[in-house]
Amino acid sequence: MTDKKWAFEDLKEGITISLGEKAVSAEEIVAFASEFDAQPMHTDEEAGKASLLGGLAASGWHTCSLFMRMLYDAFIADSTAQGSPGITETRWRLPVLAGDTLSGGTTVIAARPLKSRPGIGIVTFRHQVMNQRGETVMEMENPVLFAMRETGGAA
């Protein structure tokens with residue numbers, strides 16, 4: 001029996017878990033972009049304003065990283081998560097601009113035990129990240145593997 005709060009058995013189809021909030025600063029946008037995605041709209045405020053993004057904007061990959069931290073803090077840290085086989089879909093709907101505050105939720109859309117790996121289940125999530133105006137900035141869908149509390153539970 002695991003002492004983690006979130007195991008496969010807890011992740012029922014339809015539940016939504018709040019992701020909390022994350023403020024995004026100009027400094028962290030530039031720092032991330034300088035190392036990983038040094039396009040001008042991510043590293044220079046004036047270039048960002050002149051771009052179709054309308055301001056200094058986080059790279060989409062930075063948005064994914066911010067989301068991952070939010071997801072980890074919200075529940076992955078206190079779960080039996082075993083990793084993910086990949087991302088099914090990621091969509092950046094609106095730019096994340098310096099000064100934005102992100103929030104969101106993750107909803108279980110499917111869950112099933114793995115026949116090939118007793119004691120492990122696969123849970124598919126639909127994630128939504130919004131800015132402080134309630135506008136969706138990113139959507140993502142992906143499966144995650146979770147250990148079961150009772151290892152004999154796979155069908």
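# Close-up views of a predicted model

**View 1. Strand β7 and its pairing partners.** Strand β7 (residues 136-147) is mostly covered, with 10 of its 12 residues buried. The model shown here and in the views below is predicted. β7 pairs with β6 in the antiparallel sense, over 11 bridges. Within β7, Met140 is the residue that His127 stands opposite. Strand β4 (residues 89-92) also pairs with β7, again in the antiparallel sense, over 4 bridges. Here Arg91 stands opposite Glu139 of β7. The pairing of β3 with β7 is antiparallel and runs over 2 bridges. Gly83 has Leu145 of β7 as its bridge partner.

**View 2. The hairpin of β6 and β7.** Between the two strands of this hairpin there are 5 residues. Gly134, in the hairpin, takes a positive phi near 80°.

**View 3. The ring pair Phe32 and Phe36.** Searching the whole structure gives 6 aromatic pairs. One of them joins Phe32 and Phe36; the pair is tilted, with 5.0 Å centre to centre and 45° between the planes. Both residues belong to helix α1 (residues 26-36), where they sit 4 residues apart, about one turn of the helix. An α-helix has 3.6 residues a turn, so residues three or four places apart point the same way. Are the two residues of the pair, Phe32 and Phe36, buried or exposed? Phe32 counts as buried because its relative accessibility, 16%, falls under the 20% cut-off. Phe36 counts as exposed because its relative accessibility, 57%, is over 50%.

**View 4. The ring pair Phe75 and Phe125.** Phe75 and Phe125 form a tilted aromatic pair, 5.7 Å centre to centre and with 55° between the planes. Phe75 lies in the loop between α4 (60-74) and β3 (81-83), while Phe125 lies in strand β6 (residues 120-130), so the pair ties together parts that are 50 residues apart in sequence. Phe75 is buried, at 1% relative accessible area. Phe125 also counts as buried, at 1% relative accessibility. The two residues belong to one aromatic cluster, formed by Trp6, Phe75, Phe125 and Phe146.

**View 5. The largest nonpolar core.** This core has 28 residues. Which residues have the most contacts inside the core? They are Leu11, Phe75, Leu102, Phe125 and Phe146. At least two residues of the core come from each of α4, β5 (101-113), β6 and β7.

**View 6. Helix α4.** A side-chain oxygen of Ser59 reaches to within 3.1 Å of the backbone nitrogen of Trp61 at the start of α4. The helix has 15 residues and should span 21 Å at 1.5 Å a residue. The C-alpha atoms at its ends are 21 Å apart, which agrees with that expected span. The product is taken with one less than the number of residues, which is why 15 residues lead to 21 Å. Buried residues of α4 are Gly60, His62, Thr63, Cys64, Leu66, Phe67, Met70 and Leu71. Their cover includes β2 (22-23), α1, β4, β5, β6 and β7.

**View 7. The surroundings of Leu66.** Leu66 has its place in helix α4. Leu66 is buried, with 7% relative accessible area. Which residues is Leu66 in contact with, leaving aside its neighbours within four places in sequence? The contacts are with Lys22, Val24, Glu28 and Leu102. Between the C-alpha atoms of Leu66 and Ala23 the separation is 9.6 Å, and the two residues are 43 residues apart along the chain.

**View 8. The surroundings of Ala57.** Ala57 is found in the loop between α3 (45-50) and α4. Its relative accessibility is 0%, so Ala57 counts as buried. Apart from its neighbours within four places in sequence, Ala57 is in contact with Ile29, Met41, His42, Pro95, Val96 and Leu97. From Ala57 to Asp100 the C-alpha to C-alpha distance is 9.7 Å, and these residues are 43 residues apart in sequence.

Key: Residues numbered from 1 in each chain as written. Predicted model: local features only at pLDDT ≥ 70, side-chain atom pairs only at ≥ 80, totals over all residues. Heavy atoms only, no water. Phe/Tyr/Trp six-rings, centres within 6.5 Å; stacked < 30°, edge-to-face > 60°. Buried < 20%, exposed > 50% of the residue type's maximum accessible area, 1.4 Å probe, protein only. Pairing = 2+ DSSP bridges. Contact = heavy atoms within 4.5 Å. Core = buried A, V, L, I, M, F, W, Y, C linked by side-chain atoms within 4.5 Å. Polar contact = N/O pair within 3.5 Å; in protein donor to acceptor, adjacent residues only side chain to side chain.
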